[in-house]
Amino acid sequence: MPEPRFSSDVSLESETAVAGSILIDPRCLDEIRRHVTADAFLFENCREIFTIACQLADNGEKIDPLTILAKGTTFDRKFLFHAMEITPTAANAGMYAKLVTREALRRELISILEQAVENLSAGHDPVHVAADIQGESNRIAKEEAEGQLVNAADAALELYDDMQRVESGYQPFLPTGYRGLDAILGGGMIREGMYILAARPGCGKTTFAVNIAMRMLKKGTRTLFVSLEMSRQQLTARFMAADFGQVTATQILTNAYPKTDELVDGVTNALQAVSRYPLHFNRRSALNIREIQFLAKQAGAEAVIIDYLGLMQHGEGRSLYERVTATSNQIKGMARNLGIPVLCLCQLNREVEGRKNDPPRLSDLRDSGAIEQDADAVLLIQKYQLEGPQEYDAIPVELHIAKNRHGKTGKVAFNWYIRNGRILERR
């Protein structure tokens with residue numbers, strides 16, 4: 001077998017060829033700049049030749065070997081002659097530049113993997129390490145993709161392909177199962193979209209999320225439900241209570257419902273129904289976005305629900321605002337990377353409670369204005385109070401679509417049957 005070539009050997013050859021191409025024929029610089037940036041160079045002398053040439057071009061000055069030599073500090077005349085001598089032609093400058101970028105990506109991935117090995121050897125949690133690897137890999141892939149320009153003809157062709165997919169049955173929107181809500185949203189939650197469902201505590205955020213999830217699950221949508229405050233048993237009981245409708249989630253959890261034949265059969269059937277859903281939960285109670293994305297890929301999820309933003313593990317930042325802003329950006333990035341909608345629950349400020357029956361506003365979102373900016377749609381829950389409500393009464397609830405990037409804004413009226421957790425649209 002041939003001896004393996006080290007990345008630094010390939011980098012030296014390709015970077016020297018790029019420098020030589022610039023020196024031989026400066027007209028190739030535009031082609032080179034389409035494929036490489038200064039950060040991709042490993043060797044300082046080659047990087048400096050590229051940087052000087054770019055500066056000369058940007059200033060409208062002539063590019064030639066003598067001018068480059070006069071401005072350089074990391075190379076001499078001997079290296080310039082060497083670079084020009086080993087470069088047979090500048091016609092392949094674009095290919096040389098692509099090789100430089102490829103080797104830079106190789107080095108970065110090696111560094112990521114070496115850090116992962118070091119972390120694993122130091123006893124770090126392997127799930128956290130795996131999530132970090134995946135997150136860094138996605139970042140590199142995203143940066144590489146975003147670094148390529150797309151002309152109008154290619155963009156039009158991509159749109160045409162999407163139109164053909166829709167004609168063949170592909171749906172760009174994932175319905176929530178609520179007709180009135182889907183109509184306002186434009187057909188449901190758009191794939192690659194970030195959706196915020198916000199309310200004050202006790203106003204039905206989790207219940208709404210369970211009902212939306214259940215409607216999607218009944219249509220076969222693979223769903224990851226990430227709860228950072230409730231156990232899997234509690235959530236499963238909520239799904240069962242909403243599905244069966246005749247006992248409460250607490251009765252199911254405590255096995256304290258009346259043991260009539262009808263109720264026993266109903267609870268058993270509800271348990272079997274939930275067990276057949278393409279539904280996945282998280283096992284850990286402390287997660288960040290990279291780890292959630294890792295779980296979503298493992299589950300093959302077509303939708304992700306996060307309950308809720310305030311309990312997530314945020315990254316570094318000097319203030320809570322900065323940390324939540326970064327997490328919000330990452331949620332949007334996850335939706336785009338996975339190509340699926342992400343519904344994230346969020347709390348509203350206390351000021352909402354002091355405005356009596358006035359509807360909540362976008363400005364009521366807690367901790368960061370980036371939540372509103374990143375979201376494709378923001379859904380705000382307004383719960384009304386009944387005078388002396390009875391156990392089986394329906395609580396009126398309105399869902400205000402306060403922002404919608406893909407359709408109109410508006411509101412939808414619901415009845416919330418608190419006893420079993422069902423939320424139904426009001427006709």
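Trainee: How many aromatic pairs does the count come to?

Mentor: Seven aromatic pairs. The rule is that rings of Phe, Tyr and Trp (its six-membered ring) pair if their centres lie within 6.5 Å; planes under 30 degrees apart are stacked, over 60 edge-to-face, and the rest tilted. Before we go on: this is a predicted model, where local features need pLDDT of at least 70 and side-chain atom pairs count only at pLDDT 80 or more, while totals for chains, interfaces and linings use all residues. Residues are numbered from 1 along each chain as its sequence is written, and side-chain values use heavy atoms, with hydrogens and water left out.

Trainee: What makes Tyr178 and Phe414 an edge-to-face aromatic pair?

Mentor: Their ring centres are 5.1 Å apart, and the planes make 85 degrees. Put those next to the pairing rule and the label edge-to-face follows. The two residues are 236 apart in the chain: Tyr178 sits in the loop between strand 1 (173-174) and helix 9 (179-185), and Phe414 in strand 10 (residues 410-417). Helices (H or I, at least four residues) and strands (E, at least two) are DSSP runs, numbered from the N terminus.

Trainee: And what makes Phe208 and Phe414 an edge-to-face pair?

Mentor: Here the centres are 5.0 Å apart and the planes stand at 90 degrees, which gives edge-to-face again. Phe208 comes from helix 10 (residues 205-217), 206 residues away from Phe414. Tyr178, Phe208 and Phe414 together make one aromatic cluster. Tyr178 and Phe414 are both buried, and Phe208 is buried as well.

Trainee: How do you know that Lys259 lies over the face of Tyr257?

Mentor: A charge sits over a ring if NZ of Lys or CZ of Arg is within 6 Å of the ring centre and within 35 degrees of the ring normal. Lys259 is at 4.3 Å from the ring centre of Tyr257, so the distance part of the rule is met, and Lys259 is placed over the ring face.

Trainee: Why is Ile305 called buried?

Mentor: Buried means under 20% relative accessible area, exposed over 50%, and partly exposed in between (1.4 Å probe, protein chains only). Ile305 has 1%, so it counts as buried. Ile305 belongs to strand 6 (residues 303-307). Apart from neighbours within four places in sequence, Ile305 has contacts (heavy atoms within 4.5 Å) that include Ala209, Met216, Phe225 and Leu345.

Trainee: Why does Gln347 count as buried?

Mentor: Its relative accessibility is 13%, and that puts Gln347 on the buried side of the cut-off. Gln347 is in strand 7. Residues up to four places away aside, Gln347 touches Pro201, Tyr308 and Asp364, among others.

Trainee: What makes strand 6 and strand 7 a pair?

Mentor: Two strands pair if DSSP finds at least two bridges between them. Strand 6 and strand 7 (residues 342-347) have three, in the parallel sense, so they qualify. Val304 stands opposite Val342 in strand 7. The C-alpha atoms of Ile305 and Val342 are 5.9 Å apart, with their positions 37 residues apart in the chain.

Trainee: What makes strand 5 and strand 11 edge strands?

Mentor: The open sheet has nine strands in the order 5-4-6-7-3-8-9-10-11, with mixed pairing. Strand 5 (279-281) and strand 11 (422-425) each pair on one side only, and that is what puts them at the edges. Strand 11 runs antiparallel to strand 10, joined by four bridges, with Trp416 opposite Ile423. The two strands form a hairpin with four residues between them, and Gly421 in the turn has a positive phi of about 80 degrees. The covered face of strand 11 carries Ile423 and Glu425, the uncovered one Arg422 and Leu424.

Trainee: How do you know that the span of helix 3 agrees with 1.5 Å a residue?

Mentor: The expected span is 1.5 Å times one less than the number of residues. Helix 3 (residues 44-58) has 15 residues, so it should span 21 Å, and its end C-alpha atoms are 21 Å apart. Buried residues of helix 3 include Cys46, Ile49, Phe50 and Ala53. Gly60, with a positive phi near 75 degrees, follows the helix.

Trainee: What is the reach of helix 11?

Mentor: Helix 11 (residues 232-244) reaches 18 Å with 13 residues, close to the 18 Å expected. Its buried residues include Leu235, Phe239 and Phe244, and their cover includes helix 10, strand 4 (223-227) and strand 5. Gly245 follows helix 11 with a positive phi near 90 degrees.
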